[in-house]
Amino acid sequence: MSHASSTPHPDHVLRREFSLWSSFAFAFAFISPIVALYGIFGLAIGVAGGTFWWGFLVVFAGQLLVALVFGQLVSRWPLEGSIYQWSRRLVGKGYGWFAGWAYLWTLVIAMATVALGAAGFLANIFGVDAPTPGQKSWIAAAILIAGTALNLIGRQALKIFMTASIVAEVIGSLGLGTWLLLFHRHQPLSVLTHGGHGYFSLSGPFLVAVAFIGWSFVGFESAGAIAEEVHEPRRNLPKAVIFSLTFIAIVVMYSSLAIILAIPDMGDVTSAPDAPDHVADPVYGTLTAALGSGIARPVEVLFVFGFLASFLALQTSGSRMIWAFARDHALPAPRLLARLSRGQKQPVVAILVTTVIGALLFLLSNVSPNVYALMVNFTTGGFFLAFLFALVGALAVQLRGTWQPGPFSLGRWSLPLTVIAVLWAAFEFLNISWPRAVNADRYLDWSVWIAVAVLGAVGAVIFVSMRGRITASAEEPVGVRQ
């Protein structure tokens with residue numbers, strides 16, 4: 001296990017301005033119950049009907065194990081860069097670099113994907129019912145610029161927005177869910193148990209739904225991405241990681257159950273897309289049927305709020321990953337990328353780099369709609385691939401008997417729970433990336449592997465050119481400005 005450390009340069013020291021609540025709010029906004037639910041509900045119910053709900057329990061159980069292992073890692077190494085820093089210290093420089101590289105691109109691509117998702121809702125709010133790809137790209141670019149500006153203002157603005165997003169989303173999700181359960185139930189509870197023949201087969205509905213649901217429960221680890229900006233990180237961050245996942249799971253499962261039972265006609269949402277009565281958007285369609293068309297705009301405003309909060313958390317995490325790499329001289333132009341603003345001590349250049357990359361992805365998605373499909377498909381698989389780096393590293397160190405825990409420890413349960421977490425993450429990554437015949441363009445079914453191959457090749461070139469210059473940041477930065 002590598003323990004190399006050095007004293008950080010004064011210009012490379014961040015301010016600790018996030019509390020336990022702020023780090024929890026950050027991880028909560030990253031996942032966002034609205035994004036977590038809305039992003040997968042139509043896809044999951046389309047392939048598995050109401051029975052897809054049980055997939056939430058399966059994915060949550062697996063991800064809770066991952067969160068427990070990550071809680072140990074962030075307690076041991078509360079460093080900016082999370083998965084990159086943990087993997088490097090567990091296994092070695094090259095291993096950690098590629099773990100961080102996978103996580104970095106997952107964050108930035110997810111950031112662009114969420115902005116494009118928000119763009120569709122914003123277009124509807126302003127009266128554009130069927131926005132073109134070009135219109136979505138321009139709206140997403142405006143979101144990108146606004147989000148970048150808010151990120152550059154400072155952590156206080158970020159904290160206020162994240163807290164507001166929790167209030168809005170919890171009230172909206174739990175409030176609407178309770179109203180639907182009390183006054184608009186149309187489906188019996190048995191709708192949750194009608195699976196059918198081949199339900200659990202390799203290409204069956206349940207495993208496909210579980211692959212979609214994987215998107216709903218990622219991001220809890222993002223609290224570790226801002227570790228050096230959190231007060232008492234060794235004690236606070238494990239709580240933020242575990243609590244954010246658990247709270248999101250409760251909100252998402254409750255809301256989804258309410259929506260499933262409130263669907264007027266299950267056949268309309270599970271029918272083929274070209275069927276006459278097919279409902280393409282079961283969440284919006286159910287809410288409109290229950291609450292009337294007047295609810296449309298307020299609900300879409302709430303959706304936009306959730307997407308924007310998620311976008312901000314993703315951009316922040318991505319910029320901190322770039323900054324953490326640059327501080328270790330692990331990327332080209334490290335001095336420029338590691339530069340912090342004088343007053344707020346914000347990684348300004350790193351934030352702007354995420355903005356440029358996002359703008360390029362919007363441009364590509366406008367040129368070819370398949371680029372957006374590639375982005376969506378890769379994002380979930382990318383998270384689980386990055387998770388595997390850290391989990392496998394944690395398992396290797398524990399098997400060697402060299403693991404030294406921080407304040408948060410699983411004790412004697414650490415090894416068996418880590419083994420199960422590795423098996424779960426490996427299963428879900430393969431489940432997500434399995435090239436099932438789903439898309440009209442067959443190569444899109446291989447999109448996760450295509451993205452991994454391309455990013456891996458580019459990453460290998462950069463790593464080879466930089467590996468001789470890579471240094472090590474301190475395990476616990478000293479002289480942190482309070």
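The legends below describe several close-up views of a predicted model. Because the model is predicted, local features need pLDDT of at least 70 and side-chain atom pairs count only at pLDDT 80 or more, while totals for chains, interfaces and linings use all residues. Residues are numbered from 1 along each chain as its sequence is written, and side-chain values use heavy atoms, with hydrogens and water left out.

**View 1. Helix H3 packs against helix H8.**
Helices are DSSP runs (H or I, at least four residues), numbered from the N terminus. Helix H3, residues 53-76, and helix H8, residues 205-213, pack at an angle of about 60°, and their axes are 9 Å apart. This makes H3 oblique to H8; angles under 35 degrees count as roughly parallel, over 145 as roughly antiparallel, 65 to 115 as roughly perpendicular and the rest as oblique. The axes are lines fitted to C-alpha atoms, for helices over the stretch in contact, and the angles run from 0 to 180 degrees between N-to-C directions. The crossing of the two helices is right-handed, a word used when the near helix is turned clockwise from the far one by less than a right angle, whereas an anticlockwise turn is left-handed. On the H3 side the residues are Trp54, Gly55, Phe56, Val58 and Val59, and they meet Phe206, Val210 and Ile213 of H8, where contact means heavy atoms within 4.5 Å. Sorted by class, the contact of H3 with H8 has seven nonpolar, one polar and no charged residues. In this sorting, Ala, Val, Leu, Ile, Met, Phe, Trp, Tyr, Cys and Pro count as nonpolar, Asp, Glu, Lys and Arg as charged, and the others, Gly among them, as polar.

**View 2. Helix H8 and its surroundings.**
Seven of the nine residues of H8 are buried, so this helix is largely enclosed by the rest of the structure. Buried means under 20% relative accessible area, exposed means over 50%, and partly exposed lies in between (1.4 Å probe, protein chains only). The buried residues of H8 are Phe206, Leu207, Val208, Ala209, Val210, Ala211 and Ile213, and what covers them includes helix H2 (33-48), H3, helix H15 (369-400) and helix H16 (414-433). Within H15 one finds Thr380, which counts as buried at 8% relative accessibility. Leaving aside neighbours within four places in sequence, Thr380 is in contact with Ala211, Gly214, Trp215 and Ile432.

**View 3. Helix H4 and the largest nonpolar core.**
In helix H4, residues 83-90, eight of the eight residues are buried, so H4 is largely enclosed by the rest of the structure. Among these buried residues are Tyr84, Trp86, Arg88, Arg89 and Leu90. Leu73 touches two residues of this stretch, Trp86 and Leu90, and also Ala390, Ala394 and Trp403, not counting residues up to four places away in sequence. The largest nonpolar core has 162 residues, and those with the most contacts inside it are Phe52, Phe56, Phe70, Leu73 and Phe387. Helix H5, residues 93-125, gives the most to this core, with 20 residues. A nonpolar core is a set of buried Ala, Val, Leu, Ile, Met, Phe, Trp, Tyr and Cys residues joined through side-chain atoms within 4.5 Å.

**View 4. Helix H1 crosses helix H7.**
Helix H1, residues 20-31, packs against helix H7, residues 155-183, at an angle of about 60°, with their axes 9 Å apart. H1 and H7 are therefore oblique to each other, and H1 passes H7 in a left-handed crossing. The residues of H1 that meet H7 include Trp21, Phe24, Phe28 and Ala29, and those on the H7 side include Leu158, Lys159, Glu169 and Val170. By class, the contact of H1 with H7 has 10 nonpolar, three polar and two charged residues. Phe247, which lies in helix H9 (residues 233-262), is in contact with Phe24, Phe28 and Val170, leaving aside its neighbours within four places in sequence. Phe247 is partly exposed, with a relative accessible area of 28%.

**View 5. Ser310 and Gln315 in helix H12.**
Helix H12 spans residues 296-327 and holds Gln315, and Ser310 lies in this helix as well. Ser310 is buried, with a relative accessible area of 1%, and Gln315 is buried with a value of 0%. Not counting residues up to four places away in sequence, Ser310 touches Ala29, Phe30, Ser32, Val35 and Val114. With its neighbours within four places left aside, Gln315 is in contact with Met111, Leu144, Gly147, Thr148, Asn151, Ile351, Thr354 and Thr355.
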